[in-house]
Amino acid sequence: MDGERVYAYYPGCSLHATAKEYDLSARAVCSALGVELREVPDWNCCGASSAHARDHLLGVALAARNLALVEEMGMREVAVPCAACYNRLAVAGRELQDDGSLAAEVREMLGRPLEGSAKARALLDVVVRDVGAERIRDAVKRPLEGLKVACYYGCLLVRPPRALGTEERVEDPQSLDELVRALGGEPVEWPHKTECCGAGLSLARTDVVRTLSANILKMARDCGAGCVVCACPLCMTNLDMRQAESLKAAGEDSSMPVLYFTELMGLAMGLPGAERWLKMHFVDASAVTRREAAAARQEEPC
Amino acid sequence: MARVGVFVCWCGSNIARTVDVQRVAEAARRIPGVVFSTDYKYMCSEPGQTMVRDAIREHRLDRVVVASCSPRLHEPTFQRCIAEAGLNPYLVEMANIREHCSWVHQDREAATEKAIDLVRMAVAKARRDFPLFRNEIPITKRALVIGGGVAGIQAALDIADAGYPVTLVERTPSIGGRMAQYDKTFPTLDCAACILTPKMVDCASHPNITILTYAEVEEVSGFVGNFTVRIRRRARGVDMEKCTGCGVCYSKCPVKVPNEFEEGMGERRAIYVPFPQAVPNVPVIDRQHCRLNNGLKCGVCQKLCPTGAIAYDQEDEVITGQFGAIVVATGFKMWDHSQIGEYGYGSIPDVISGLQFERLMNASGPTEGKIVRPSDHRPPKTVVFVACVGSRSENHGHEYCSKVCCMYTAKHALLLKEKYPDTQAYVFYMDIRANGKGYEEFVRRTIEEYGAHYIRGRVSRIYRHGDRVVVKGADTLLGRPVEIDADLVVLATAMEPQDDAKELARRLGISTDQHNWFSEAHPKLKPVEVLSSGIYLAGACQYPKDIPDTVAQASGAASKVAGLFSKPHLLSEPMIASVREEDCAACGQCVRVCPFSAIELVDVNGKNGASRRAARVNEGLCHGCGTCVAGCRGSCIDLRGFTNAQVLSEIDALALA
Amino acid sequence: MGDAISAQSAPSSGEVRIGGRPAEPGFARQVEALSGQKLSACYQCGECTAGCPVAFAMDLMPNQVTRMALAGMSGEVLGSRSIWLCVGCNTCVTRCPRLVDLPRVMDSLRQIAARRGIRCPEPAVRAFHDTFLQGLERGGRLHELALVAAFKLRTGRLLQDLPAGAAMMAKGKLAVLPGTVKGREEVRRLFEECRRRPAEDDGHGR
C-alpha cells in the first residue's frame, strides 16, 4: 500500500447545495481510502454550459482561474466530482495547452501565472484508476451481494473523447462497472450508459428532461437493474428529483433508486452516516440498503 | 571546339505569350559555343524535329540545346531526334523555359531575361556533354505473381498465355482469394465461384504456371529483369504427391476452430481445406491447433488416410527463384467493426459485416445459404444495411471511399428480397456510387423492383434491446431522426490493405501511401507500374476496386510483363553514377547513403598488382539520384550526364553573365 | 484574344435567394471564424441528427443548422429553437465522421443571436443562462436558491418546482446564504474583460 494520495479538490457549486450528499459521501469515502482532498481555496464557478454559450473566452477564463489556483497550491491534479465541472476544466485545460495565443490572452486576463501543469481528473477516475479495484475490494465490509446496478455515466465524463484524453471506451465505458463489481454488486449490461438526461434544460424545458430521464430509467429497469448509479449532480437532479414527474408523464409508476457512486461505496464500505446521505434523495433509496432490489429483479438483462 | 545549336520553341502561346522567344534566339547567337540559333512554333512537332535534324547536318552541330518544356515531357523525343541525325542521343540539353519560366511568371521583360539565362546555362552544360552508351542487361523471362486472388490468377494466366513461365505464390492454402468467398457478383449476379473456379482450374493445369500455396515471399533482391526471390513454402503436413483430395481426414478431425474463410461465422477442423473447390485440393494441417502437434493424443487423420499422405514431420521448404518481373496482387481485408463503439464494439451477434452476410448467403456457407440471425438462428424479418461504415470518415481513420460498398449493399438487399420477399430491407446511405457499366440500373432495380427502402442518412447508434437490435439513424431528406427495430444489421465496412502490406512493400522496395495501399508510379498515366522498374500492381492492393477493374488491371500488368519479356535484353540507364576507382579510398560512405543499395565495395587491382577495395556502382540498380555524388568525401564519384563540372559550369554561366 | 478582355467587371450581383429570401453573404464566414470550424467539411450525413437526444424537440435538425449556416440562412438559423435546445452533450462531435465540432458551432450561433438581439423562441432557456451568468458575475459562485428565484421572476414561472424546492430546503440541500468568494472581484473582471475584447469574427462587432 502506498502512502496517502493527495489531490486538490474542486467541489463545484452544486456540491455545496443541491448535491450536498455527493460532497459528504465523496469526502467520507476518500478519507476512508487514504485519499486526501484539499479543497481549492477561493475556487469560482466553472461556468457550466452557460458561460461558453455566451462567450467562448469567458468559458475558458472561468475554468482557467481554477486551474491557476490549483497550480498555486503546488498541486498537479485536481479531483472533480461533478462531471460537468470536470468536463469544463479538462476541455479548457486542453484548449489552453493546444492554443498558445489563447493561453497568453487568458493569462493576461487572469493576472495570474498559469503554466498549464494542473490537470483536472474526474473523481470517479481517481477512485477507480488511482486507488484501484483491489484496494476498494479490501475496504468493503458489507458487499452489495449481487445488487444489480445500472451504471449511468452521462455525457460529460467521456465526451468528447479526444479533448478529454480518456482511456474509457467512449460508447461503453467500464469504470463505474468495475467499481460496482469491486463493491460486490453486479453491473447490468444496458445500452443507455451515456444517453443524455437533458442536462441544463432541467429548469427551462423540464418537459424535455422528463422524456429523456424516463427513457433512461425505463431502460435501466428493463435491463434488470435494481438501482442506478451516477457521477453528476445534474444527472442526479434529473433522474432523482424529477423521477416522479418523469415516470408519471411516461405513464409508469415504478420507482428506481438513484445514487451517487460515492454513496454506493459508502454503503458497501460500511461508513457511518451512509444511510443519512440517502435520506437526502427524492426517490426512496432505502431498498438498496435492504438489498431487496437485488432479489426482486429477476428479469432478463438486455 | 563544340558547335552548339539552339532551338527555341514558342509552344504555341504557352511560352511565347510571356517570353519573347525571338529575342531569346537572337541572344543565344552571342553565347560562346553557339554556331546556330533559331525559333519555331512547335519544336516537338514533325516539322520542328526536321528543322533540328537539318540544322545538325547543315551546320555540322555536335551539341544541341532545345529551349522549350520540361525534359520530363520531351527529352526522349529530342534524344531520338538527334540520334536519327547521327548524334549520340545524350548530347542534347533542354532548357525548361516553360514550367520554370513562362508558366510561373507574368513580367514579360523579366521572364525573357530569365529564359536567356536558362539557355546560357544549358549551353554551358551541353558543351561539357560527352557521348553516353547504354549497356545490355539480360532478362530472366520468368514472372512471379504474389497473391492468388482473381487479380493474381488473371495476371498469371495472361502472362502464361503470352508464352512465359509464371510462379504464382499464395499465402493461404488455396488460390481464389476474396472472390471465392462471395456468393454472387454485381451487376450480373453471376455466381462468383462458378466464374472463378474455371480460371482457378486453368491456372492449375496451365503448363506455364507453377502454383505455390501456403507460401510467402520472404526476401526480394535484385532489379528489373534480375530479381532473386526467396519463397518459404510452409509445411502442409500433407504430401501433395500422395493426396487424392478424398476429404476423409478432415471429416474426422476432432478439433474445431473458427473458419477464417467463413469470416468467423463457421468452423473448420485443424486439418482442412478452406473451401470445397480449393485449388490445390490438398488439405493443410493447422499446427497451432492440431492436437498431436500440441502434445495430445491423436493421429486420426493419418490412421484414416487411404494413401498415407499425412506427413506430420514435414518441414518448411525454402525456394529461391530468379524472376524478371514481379506482379503484386495481394488484395485487401475488411476493417474490423469491433472498433466502432457506437455500433456495439463488435459484441452484438446480430450486427455483422457485409462479407459475413455474403457467407450467410452463399449456398456452401455456414448456414447453407439460409439467412438466419447468428444469435438464435431465426430468420430475420427486418434487415438494416448500413453503408459507409468506417469509410469516408476521419473519425475512423479512413477518409477514402471504399468504392464497392454501395454496389454490394444493393446486391445484398436485392438477393435478400429475392430469397425472402417478405423481409423488409432498409439501406442507410450517404451517396450512391454506382458508376460502372450497368451499376446505376442495378441499384434502381433493387429499389424499384425488389422494394428495398433506401434512407438517406447515417446511423449514429446501434444497440441491443432484448432480442432485437435498435438502429438509430437519420433521414436527412425528410429532416427527421429515424429509428428502426431490426432483427439483423449488416455493416458495409471499409476495405483496408492487408496487415502486412507495409512489410511486403519494404521487402519489395516499393512505396505505400499513408493508408498502406501500394503506390502506383503515376495515378493517371501509370496505374499498373510502381516507381521501381519490373514490379507491377494488380487489384485491390493498390486501392479498393471491383472485379471488372481488378481483372482489367491484372491484364494490364500482364501486358507490361509480356512487353518487358519480349525484348531480347534491357538497356541500362546511362545517366548513372560512376566511380573513379583509382581515387576511391573505399570509405563506404556512398554505400551507406545510396537509397537503392546500388553500390558495393569490391576488390580491384591496385598499383603494382596489390589488391585494394573500391566502390563500384551496379549499373542496373542505380537510378542516378546523385546522393552518392554529394556524399563522397573524395569527390571521386560523378554522375554521367550531370557531372560536377557541368553543374558548376551552369552556375558560372549564370553568375558571370 | 488577350486584348479583347473588357475592363468592366461582370454585371450580376451574385445574390442568392433561397426559398425567395436573400441569403446573407459572409454569414458562413462569420460562423466559421467564431467557431473555428469549417462548415463546408460537413457532408450532411445526418449522423448528428440521428444521435441527438433532443432532436425530437428541435425545429431545425442539427444537420440542417449546419447546412443553413453554410447557405447564409442567418434569419432561420439564429431564430431557431434548436440552437437553444442543444444541451452540449457532445454526442454529435464524438461520432461525426468529418470531426466537425457542432457544439462549438451551436455556441457561436447562440453568441451571434444574442449579440444581434434576435428574439429567442426559447425565452426560458435564455433566461436560465442569463440568470446563471448574472449570479456568477456578482458572486463568483452559483447560489442555487438565488438562481432559481431569479429565474422564476424572469420567466414568471413562480410556482414551478415549489414542492421540490421546499423538499430541498428540508433536506438541507439549499444553502440560504451564498458562500462568498474572495476572488469574486477577479471573476467580475473576467466578465468585463470578455465584454471589452473584440469578437473573434472580424468585423461583426459587439
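**Notebook: the contacts of chain C**

I began with chain C against chain A and found that the contact takes 59 residues from chain C and 61 residues from chain A. I note here that the model is a predicted one.

Next I looked up the area. Chain C and chain A bury about 5100 Å² between them, and carbon and sulfur atoms give 59% of that. On the chain C side, Arg141(C), Lys173(C) and Leu190(C) supply 13% of the area buried against chain A, more than any other three residues.

I then turned to charged pairs. I have eight salt bridges down for chain C and chain A. One that I looked up joins the side chains of Glu95(A) and Arg104(C), at 4.0 Å from N to O. For polar contacts between these two chains, I wrote down 16 residue pairs, both residues being at pLDDT 80 or more.

I went on to the elements of chain C on this side. Those that give two or more residues to the side touching chain A are α5 (82-85), α6 (91-95), α7 (102-115), α8 (123-139), α9 (144-155), α10 (162-170) and α11 (184-196). Of these, α8(C) gives the most, with eight residues. I sorted the residues of this side by type and got 29 nonpolar, ten polar and 20 charged.

**Second entry: chain C against chain B**

Here I found 18 residues of chain C in contact with 19 residues of chain B. The area buried between the two is about 1500 Å², with 50% of it on carbon and sulfur atoms. I checked which residues of chain C lose the most area to chain B: they are Tyr43(C), Ala50(C) and Arg95(C), which together account for 34% of what that side buries.

I recorded two salt bridges between chain C and chain B. In one of them Glu47(C) pairs with Arg458(B), and the closest N and O atoms are 2.5 Å apart. I also have twelve residue pairs in polar contact across this interface, both residues at pLDDT 80 or more.

As for elements, α2 (47-51), α3 (62-71) and α6 of chain C each supply at least two residues of the side that touches chain B. I noted α2(C) as the one that gives the most, with four residues. By type, I divided the residues of this side into eight nonpolar, seven polar and three charged.

**Cross-check**

I looked for α6 of chain C in both entries. This helix is listed on the side that touches chain A, and again on the side that touches chain B.

Note on methods
Residues numbered from 1 in each chain as written. Chains lettered and ligands numbered in written order. Predicted model: local features only at pLDDT ≥ 70, side-chain atom pairs only at ≥ 80, totals over all residues. Heavy atoms only, no water. Contact = heavy atoms within 4.5 Å. Buried area = accessible area lost by both parts, 1.4 Å probe. Polar contact = N/O pair within 3.5 Å; in protein donor to acceptor, adjacent residues only side chain to side chain. Nonpolar A, V, L, I, M, F, W, Y, C, P; charged D, E, K, R; others polar.
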